[in-house]
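This report reviews selected local features of one protein–ligand model. It turns to the ligand site, then to backbone geometry, a strand pair and the cysteines.

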Amino acid sequence: MTSSNSENEVKFFSGRTVPLEMHKVKVVQSVNLPVVEDRLKAIKKAGFNTFLLETPDIFLDMLTDSGTNAMSDQQVSKMFIADDAYAGSQSFTRMKQAVLDVFGKEMVLPVHQGRAAENVISQIFVRPSTFVPMNYHFTTTLAHIELRGGKVVELYKPEAMKIKSDHPFKGNIDIERLEELIRKEGREAVSFIRMEASTNLIGGQPFSLANLKEVRKVADRYSLMVVLDASLIGENAYMIKKREEAYHDSDLRSILREMSSLADIVYFSARKVSSSRGGAICTNSKELFEKMKEIVPLYEGFLTYGGISVREIEAIAVGLEETTRENVVNQSPSFIDYMVKEIDRLGMPVVMPGGALGCHIDAMQFLAHVRQEEYPAGALAAAYYIVSGVRGMERGTVSSHRDSEGRDILSDLELLRLAVPRRVFTLSQVEYVIDRLNWLYAHREMIGGLRFVEEPAVLRFFMGRMEAIGDWPEKLALQYRKEFANGL
Ligand SMILES: *Cc1c(COP(=O)(O)O)cnc(C)c1O
């Protein structure tokens with residue numbers, strides 16, 4: 001690897017800065033762009049819930065980055081030589097070596113995906129009625145901690161909730177409030193401190209290494225354990241290099257090592273880290289390892305496969321190594337940065353600065369005329385699909401639930417997330433995404449709200465069905481056909 005090859009922000013003669021792809025396409029999947037009337041039909045059939053759309057209805061799938069990143073030729077080729085042993089598989093030996101190289105952790109427990117790691121960690125370390133302070137929760141993390149009777153305390157700074165910000169580290173934890181909590185409740189009342197890299201639900205926002213070092217100091221002062229959710233660690237490390245002055249000249253490998261050295265337990269979802277399946281829990285503490293080891297065969301599988309195929313294990317090993325390479329990891333953040341700046345330049349409300357995993361549109365401002373009880377982020381996701389064929393994900397009140405009196409618990413933020421999985425889309429596709437969003441913004445007054453017609457009590461955003469309040473989807477589709485004569 002030469003250093004000139006680790007940077008993809010090549011200056012154009014014209015003066016523009018364009019993120020260049022440092023890969024070429026070898027295997028492709030065809031996509032389909034249905035006409036606007038077919039998109040309208042599809043979203044109605046899906047109950048205005050983008051989770052219920054199917055691939056033939058979708059032009060660009062920006063639902064999630066989970067398990068949808070493109071694999072490298074190295075990953076795919078290694079999958080062919082995987083060692084199919086129930087116990088003692090050499091594929092696992094290679095994954096262990098990769099974990100040691102990248103995270104500096106000697107002991108590894110493979111699990112079937114990120115939430116399985118959370119299950120194991122929560123079962124062993126979350127004591128009932130204790131607190132688990134963290135920068136911000138992830139959906140599955142919260143569920144597992146609460147299942148054990150623990151209480152999640154989010155100690156983000158006010159900046160984290162500000163849509164348009166230039167704060168480089170909105171994922172930082174508030175150190176003062178962390179220490180205050182431990183002092184007030186006592187260290188016995190805290191199970192562990194959790195830090196999430198590239199904090200997913202607030203827009204893929206990173207924390208700084210300075211902040212993580214402070215967390216470590218507090219943990220040492222009170223003999224507490226630090227657990228690092230490393231599912232999006234590559235992007236966080238990349239943003240540390242870009243945004244934290246002390247690390248401008250460091251390489252990703254050393255930043256990743258330093259991050260993981262500050263945690264007692266590092267776990268990850270390989271669906272994000274390496275574009276395959278699976279996950280792992282890593283530590284250098286024999287004591288912690290022995291405790292967790294007990295229940296892995298019960299829920300996951302034997303300790304050298306953890307419920308995943310050896311092929312996936314090979315892909316994780318290569319994927320981890322690739323996480324140390326800047327021109328691999330920066331692909332998604334640099335596209336997101338480009339998108340966010342363009343969307344902002346066009347005057348649309350978008351979470352800034354750009355982070356990891358996707359671009360997040362602020363539906364509360366975009367659809368200021370739609371009441372939060374009528375699900376502006378859900379309505380925006382549906383409307384955007386109608387006018388683009390692009391599938392995004394609602395991250396707002398539809399993704400929340402109701403209180404005991406049946407009232408919606410209104411979400412802090414109402415976001416339309418457009419995920420940008422690694423190396424999947426081209427820049428012209430990104431230009432299309434921005435262009436159709438711009439068209440929708442010019443016609444935003446036409447968009448109305450939604451209401452539930454079928455509402456599951458748990459995780460309603462996955463399977464719930466809604467309908468439009470009024471006939472705004474039909475009118476929107478008609479207007480689109482008027483302006484784009486071929487309906488595309
Ligand atoms: C995706 C994700 C998880 C859960 O991982 P799964 O593999 O989907 O179970 C946990 N934490 C973070 C930060 C994630 O992004």
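## Backbone geometry at Tyr375 and Phe48

In this predicted model, Tyr375 has a relative accessibility of 2% and is therefore buried, since the cut-off for that class is under 20%. Tyr375 lies in the loop that connects α16 (363-366) with α17 (376-386). Its phi is near 60°, which is a positive value in a residue other than glycine.

Phe48 is a further non-glycine residue with a positive phi, here near 55°. This residue belongs to the loop between α1 (36-45) and β1 (60-61). With a relative accessibility of 6%, Phe48 counts as buried because the value is under 20%. As background to both cases, most residues other than glycine have a negative phi.

## A cis peptide bond

The backbone also contains a cis peptide bond, which runs from Met352 to Pro353 and has omega near -5°. In general, most peptide bonds are trans. Pro353 is located in the loop between α15 (331-345) and β9 (358-362).

## Thr50 in the loop after α1

Thr50 is situated in the loop between α1 and β1, the loop in which Phe48 is also placed. The relative accessible area of Thr50 is 5%, so the residue is classed as buried under the 20% limit. A polar atom in the side chain of Thr50 lies 2.8 Å from the backbone oxygen of Gly392.

## Ligand site

Which residues are closest to the ligand? The shell comprises 13 residues, and the closest are Gly114, Arg115, Asp229, Ser269 and Lys272. By class, six of the shell residues are polar, six are charged and one is nonpolar.

Several polar atoms of the protein lie at short listed distances from ligand oxygen atoms. For Lys272, an N or O atom of the side chain is 2.6 Å from an oxygen atom of the ligand. For Gln113, a polar side-chain atom is 2.9 Å from a ligand oxygen atom. For Gly114, the atom concerned is a polar backbone atom, and its distance to an oxygen atom of the ligand is 2.9 Å. The ligand taken alone exposes 380 Å², of which the protein buries 98%. Two or more shell residues come from each of the elements α4 (114-125) and α10 (270-273). The largest share, three residues, is contributed by α4.

## Strands β3 and β4

Strand β3 (residues 131-134) directs Phe131 and Pro133 to one side and Val132 and Met134 to the other. How are these four residues classed, buried or exposed? All of them are buried.

Strand β3 runs parallel to strand β4 (residues 151-154), and four bridges join the two. Within this pairing, Val132 stands opposite Val152 of β4. Val132 is thus placed by two descriptions: its side of β3, shared with Met134, and its partner in β4.

## Cysteines

The number of disulfides in the structure is zero. Cys282 has a relative accessible area of 0% and is therefore buried, as the cut-off is under 20%. Cys359 is likewise buried, because its relative accessible area is 0%.

Technical notes: Residues are numbered from 1 along each chain as its sequence is written. This is a predicted model: local features need pLDDT of at least 70, side-chain atom pairs count only at pLDDT 80 or more; totals for chains, interfaces and linings use all residues. Side-chain values use heavy atoms; hydrogens and water are left out. A residue is near a molecule or strand if one of its heavy atoms lies within 4 Å of it. A polar contact is a pair of N or O atoms within 3.5 Å; within protein, one must be able to donate a hydrogen and the other to accept it, and residues adjacent in sequence count only if both atoms are side-chain atoms. Accessible areas come from the Shrake-Rupley method with a 1.4 Å probe; for residues, only the protein chains shown count as cover. Ala, Val, Leu, Ile, Met, Phe, Trp, Tyr, Cys and Pro count as nonpolar, Asp, Glu, Lys and Arg as charged, and the others, Gly among them, as polar. A disulfide is a pair of cysteine sulfur atoms within 2.5 Å. Buried means under 20% relative accessible area, exposed over 50%, partly exposed in between (1.4 Å probe, protein chains only). Two strands pair if DSSP finds at least two bridges between them.
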